[in-house]
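Reader: Hello! I'd like a close look at one part of this model, the open sheet and the salt bridges around it. Could you walk me through it?

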Amino acid sequence: MYKGDNMNYKDTLLDHFQAINGKRLTDLHLACEMMMFSFEEFALHAQCLTRIIREDDILVTTLDYQNWDGEDDKNNDEWYFVKQYKESIIGGAVTSVNVSSLYDVIIVLNNGIRIELINKNGYHHFDDECEQWRFFKVEDYLHPHITAYSKNVDIAVNW
């Protein structure tokens, strides 16, 4: 297990994310403000600020969850927009993945979709570090399970 407290794992993360190059985005699920992406046998769970963009138009963000009817937690703009645009979001193949030194992730698909994961927390005063996103191969415990936090990365091997 690696723990990158204030270390930059950008290149290591880029290497791991190369596994989804050419893979299709096969599904998108929601749980509250978390977006869960399936790239064939790989999963990416995003708890940070996440935006799905098509041709310079923001289709949906995790912040859209905050706009809801106050009665049913599924009656919010995040669920509404994902339902409205899901067919045009899924199906594209990954053409590129970029990871910044702040662990932001940008995934570009060949159907004009861009998925942006933006690290949303700085240094903490009232709470511990927050999980931003995790990337793993489904049901393959030999493949690294990567969890990005606000300021560090945890890469579990043989988990």
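Author: Happy to; here is a walk through the sheet, the helices on it, the charged pairs and a few neighbouring strands.

Please keep in mind that this is a predicted model. The part you asked about is an open sheet of 5 strands, and reading across it gives the order β6-β5-β9-β8-β7, with antiparallel pairing. The edges are held by β6 (57-61) and β7 (94-99); each has a single partner strand, so one side of each is left without a neighbour in the sheet. On average, neighbouring strands of this sheet are turned by 20° against each other, direction ignored.

Let's start at the β7 edge. Strand β7 is joined to β8 (residues 105-109) by 5 bridges, and the two run antiparallel. If you want a residue pair to click on, V94 has L109 in β8 as its bridge partner.

Two helices lie across strands of the sheet. Helix α1 (residues 10-17) lies across β7 and β8, and it runs at about 160° to β7. Helix α2 (residues 77-89) lies across β5 (49-54), β6, β8 and β9 (113-118), with an angle of about 125° to β6.

Now for the charges, which may interest you when you set up a calculation. The model holds 7 salt bridges. One of them joins R51 to E116, with the closest N and O atoms 2.5 Å apart. Since R51 lies in strand β5 and E116 in strand β9, this pair ties together parts that are 65 residues apart in sequence. How buried or exposed are the two partners? R51 counts as partly exposed, at 25% relative accessibility, whereas E116 counts as buried, at 8%. The cut-off behind these words is simple: buried means under 20% relative accessible area.

E116 also meets the side chain of R114 in a salt bridge, at 2.8 Å from N to O. R114 counts as partly exposed, with a relative accessibility of 26%.

Another charged pair is worth a look. The side chains of K23 and E41 form a salt bridge, 3.0 Å from N to O. This pair links distant parts of the chain: K23 sits in the loop between α1 and β2 (25-31), E41 in the loop between β3 (34-39) and β4 (42-46), and they are 18 residues apart. K23 has a relative accessible area of 19%, so it falls under the 20% cut-off and is buried. E41, at 28%, is partly exposed. Together with E40, these two residues are linked in a network of salt bridges.

Further along the chain come some more paired strands. Strand β10 (residues 131-137) is joined to β11 by 4 bridges, and the two run antiparallel; here W133 has A148 in β11 as its bridge partner. Strand β11 (residues 145-149) is mostly covered, with 4 of its 5 residues buried. On to β12 (residues 153-156): 4 bridges join β11 to this strand, again antiparallel, and A148 is paired with V153 in β12. A hairpin of 3 residues connects β11 to β12.

Finally, a word on the cysteines. The count of disulfides is 0. C48 is buried, at 1% relative accessibility, while C130 is partly exposed, with a relative accessible area of 25%.

How values were computed
Residues numbered from 1 in each chain as written. Predicted model: local features only at pLDDT ≥ 70, side-chain atom pairs only at ≥ 80, totals over all residues. Heavy atoms only, no water. Disulfide = S-S within 2.5 Å. Buried < 20%, exposed > 50% of the residue type's maximum accessible area, 1.4 Å probe, protein only. Pairing = 2+ DSSP bridges. Axes fitted to C-alpha atoms, helices over the stretch in contact; angles between N-to-C directions. Contact = heavy atoms within 4.5 Å. Salt bridge = Lys/Arg side-chain N within 4 Å of Asp/Glu carboxyl O.
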